[in-house]
Amino acid sequence: MADERSGHARWQTFAALVGVVLALLTFFGIKGCEGDPPPPPPPPPSSSPASTVSESETGTATREEAASPPPAQSQEQYLVELEPLPGGYPPYTGSADLGGRTFAQTVSFSVDKNSLPSSHAEYNLGRRWKSFDATIGVRDDSPSGGRITFQALVDGRSAYRRELGVGETAKVKVNVSGALRLTLKVSFTAGEYYDNYSYGSWGDARLSG
């Protein structure tokens, strides 16, 4: 009976040692798996990331440029490029010297003391312009001593009036926003000559908007 008890005890001890060994092996096996490095990431696509970003940014910029409206451009037109409406005497157009300066885009009217004391031209603005400006003066080749009155009318209402003699000039700026018609008029004011014309000129007369 003593031998049976002794053998049984040895068997229990052996079984316990085996259990401890298995437990240690299991513990260290799991730790080893947890400590293994992660698998490498998959290889990148054939195109490089920098190239992909560049193409994406280029596409975005192109779409934004296509969606943006074109920049606003300033509009202007010289009066010599417009045909005056019927009525009155057609003005002279082209270069003119006023006060010693040359103005290439000029509208001029001839007047005298008797036969043609005033002259005018009317222009259709079509309500598309905002401003009219020019440099006015009696043309340098006009007789000495004469004086001319310049007048600008917007839709029939006087918007500017000035009297000048030979050698004198003045700058004109008239608001024509929403206006349909612009009338330029010159009138003989003073002088003793009868046979020679004097010329009232609107130098570089232009519309802008």
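The exercises below concern a predicted model of a protein.

**Exercise 1. Describe the fold from its secondary structure and contacts.**

Solution. Start with the elements: the protein contains two helices and ten strands. Next, take their order along the sequence, which is α-α-β-β-β-β-β-β-β-β-β-β. Then turn to contacts: of those between residues at least 6 apart in sequence, 78% join residues at least 24 apart.

**Exercise 2. Locate the largest nonpolar core and examine Leu184.**

Solution. Of the 209 residues, 31% are buried. The largest nonpolar core has 31 residues, and Leu79, Phe132, Leu184 and Trp202 have the most contacts inside it. Each of the strands β3, β4, β5, β6, β7, β8, β9 and β10 supplies at least two residues of this core. Leaving out residues up to four places away in sequence, the residues that Leu184 touches include Leu79, Phe109, Phe132 and Trp202.

**Exercise 3. Analyse the salt bridges of Arg206 and Arg147.**

Solution. The whole structure holds five salt bridges. One of them pairs Arg206 with Glu76, with the closest N and O atoms 3.1 Å apart. Arg206 is in strand β10 and Glu76 in strand β1, 130 residues apart. With a relative accessible area of 28%, Arg206 is partly exposed; Glu76, at 45%, is partly exposed. Glu76, Asp133 and Arg206 are linked in a network of salt bridges.

Now take Arg147. Its salt bridge with Glu163 has closest N and O atoms 2.7 Å apart. Arg147 lies in strand β6 and Glu163 in strand β7, so the pair ties together parts 16 residues apart in sequence. Arg147 also forms a salt bridge with Glu168, at 3.6 Å between the closest N and O atoms. Glu168 sits in the loop between β7 and β8, 21 residues from Arg147.

Key
Residues are numbered from 1 along each chain as its sequence is written. This is a predicted model: local features need pLDDT of at least 70, side-chain atom pairs count only at pLDDT 80 or more; totals for chains, interfaces and linings use all residues. Side-chain values use heavy atoms; hydrogens and water are left out. Helices (H or I, at least four residues) and strands (E, at least two) are DSSP runs, numbered from the N terminus. Buried means under 20% relative accessible area, exposed over 50%, partly exposed in between (1.4 Å probe, protein chains only). Contact means heavy atoms within 4.5 Å. A nonpolar core is a set of buried Ala, Val, Leu, Ile, Met, Phe, Trp, Tyr and Cys residues joined through side-chain atoms within 4.5 Å. A salt bridge is a side-chain nitrogen of Lys or Arg within 4 Å of a carboxyl oxygen of Asp or Glu.
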